[in-house]
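Subject: Structure handover

Hello,

Here is the structure you asked about. Please open it alongside this email, and read my notes below.

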Amino acid sequence: MGTAISLDLADDLPAATLHELAEETFRWLREVDARFSTYRKDSEVCRFDRGDLPLAEASADLRAVLERCADLWGATDGFFDAYVTGRLDPSGYVKGWSAQVASDRLLAAGAPNHCLNAGGDVRVRGHSATGRPWRIGIRHPWEPSATCLVLSGTDLAVATSGVYERGQHVLDPRRAPAPGLRSVTVVGADLGVADAYATAAVAMGRSGIGWLDRLPDHRHAVVTDDARLLHSSRLPLAE
């Protein structure tokens, strides 16, 4: 998916079991990459976008992702738009969704204590190997080796979208670079939704702060272009 992915399994299970769980997780993520990559001409996304793959012949996963992206387009007043560049690119949902599915599968397989980090989109459950809640550092948007916040919890989906690595790549529905917000982090229960909401808020610019404030069941942290840090009062900050 064009990003680094790490997995920390903290359950006291046999080494062979942990190895198989990890292998199955990365197998799934490689499958997602092959199906949804916008860089591979033979991926389902690219074939569907070109008109080479009818919707009726698409995989259940692709049809579900397209349906969810349409729902998120409506929920964000069009600011989350899988077609914002003029071609299909559901990456703003897929990365978080695929990590969420992987976490759900680990939980069902008997590994309730884990941390999956997909390029800064993080799903944690249970406790770390120390027996304490997981700690999730939010990257400082100007200092790559530093954090601007550290969160802590036992069941969190934490997605961050920003312009500090790839420049102004997040566009608003008018296809213009979105000014105002350097970084947006959204915390919720579903990583795919949190990922899409973070992307939408960046696209909204400064008006995204008020929109985030009104989201039910989600918390957020925002760094503005002029280096102001704002966050929800209920954000699970580490002590």
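A residue counts as exposed when its relative accessible area is over 50%, as buried when that area is under 20%, and as partly exposed in between. Keep those cut-offs in mind for what follows. Note too that this is a predicted model.

**Two loop aspartates**

D77 reaches 61% relative accessibility, so it counts as exposed. This residue sits in the loop between α3 (60-75) and α4 (91-108). Its phi is positive, about 55°, although D77 is not a glycine.

D217 is another such case. Its phi is positive at about 65°, and D217 is not a glycine either. The residue belongs to the loop between α6 (207-213) and β8. With 66% relative accessibility, D217 counts as exposed.

**The chain as a whole**

The protein chain has six helices and nine strands. Its radius of gyration is 18 Å, close to the 18 Å that the globule rule gives for 239 residues, so the chain is as compact as a globular protein of that length. Along the principal axes, the C-alpha atoms fill a box of roughly 50 × 45 × 30 Å.

Of the 239 residues, 49% are buried. The accessible surface comes to about 11500 Å², and carbon and sulfur atoms hold 50% of that. Take the contacts with a separation of 6 or more: 58% of them join residues 24 or more positions apart.

**The sheet**

Seven strands make up an open sheet. The order is β1-β2-β3-β6-β7-β8-β9, with antiparallel pairing. The edges are β1 (5-9) and β9 (229-231). Each has a single partner strand, so one side of each is left without a neighbour in the sheet. On average, neighbouring strands are turned by 10° against each other, direction ignored.

Look at β3 next. Five of its five residues are buried, so this strand is largely enclosed by the rest of the structure. Which residues of β3 point one way, and which the other? D121, R123 and R125 take one side. V122 and V124 take the other, and all of these residues are buried.

Both partners of β3 can be followed residue by residue. Strand β2 (residues 114-118) pairs with β3 in the antiparallel sense over five bridges. Within that pairing, N117 stands opposite V122. The two strands form a hairpin with two residues between them. G119 lies in the turn and has a positive phi of about 60°. On to β6: four bridges join this strand to β3, and the two run antiparallel. Here R125 has D155 as its bridge partner.

Further along the sheet, β7 (residues 181-188) and β8 (residues 219-224) pair in the antiparallel sense over six bridges. V187 stands opposite R219 in β8.

One helix to find on the sheet is α5 (residues 191-204). It lies across β3 (121-125), β6 (155-162) and β7. Helix α5 runs at about 30° to β6.

**Cysteines**

How many disulfides does a search of the whole structure find? Zero. A disulfide is a covalent bond between the sulfur atoms of two cysteines. The cut-off used here is a pair of cysteine sulfur atoms within 2.5 Å.

Start with C46. The closest cysteine sulfur is that of C69, and at 15 Å it is too far for a bond. C46 counts as buried, because its relative accessibility is 6%.

Then C148. The closest cysteine sulfur is in C115, 17 Å away, which is too far for a bond. C148 has 22% relative accessibility and therefore counts as partly exposed.

**A contact across the sequence**

L13 is in the loop between β1 and α1 (15-36). Its relative accessible area is 28%, so L13 is partly exposed. Leaving aside neighbours within four places in sequence, L13 is in contact with L18, L21 and G110. L13 and G110 are 97 residues apart along the chain. Their C-alpha atoms are separated by 9.3 Å.

**Where to look**

To tour the model, begin with the buried strand β3. Move out to the edge strands β1 and β9. Finish with the exposed D77 and the exposed D217.

Best wishes

Technical notes: Residues are numbered from 1 along each chain as its sequence is written. This is a predicted model: local features need pLDDT of at least 70, side-chain atom pairs count only at pLDDT 80 or more; totals for chains, interfaces and linings use all residues. Side-chain values use heavy atoms; hydrogens and water are left out. Two strands pair if DSSP finds at least two bridges between them. Axes are lines fitted to C-alpha atoms, for helices over the stretch in contact, and angles run from 0 to 180 degrees between N-to-C directions. Contact means heavy atoms within 4.5 Å. The radius of gyration is taken over C-alpha atoms; the globule rule is 2.2 Å times the number of residues to the power 0.38. Buried means under 20% relative accessible area, exposed over 50%, partly exposed in between (1.4 Å probe, protein chains only). Accessible areas come from the Shrake-Rupley method with a 1.4 Å probe; for residues, only the protein chains shown count as cover.
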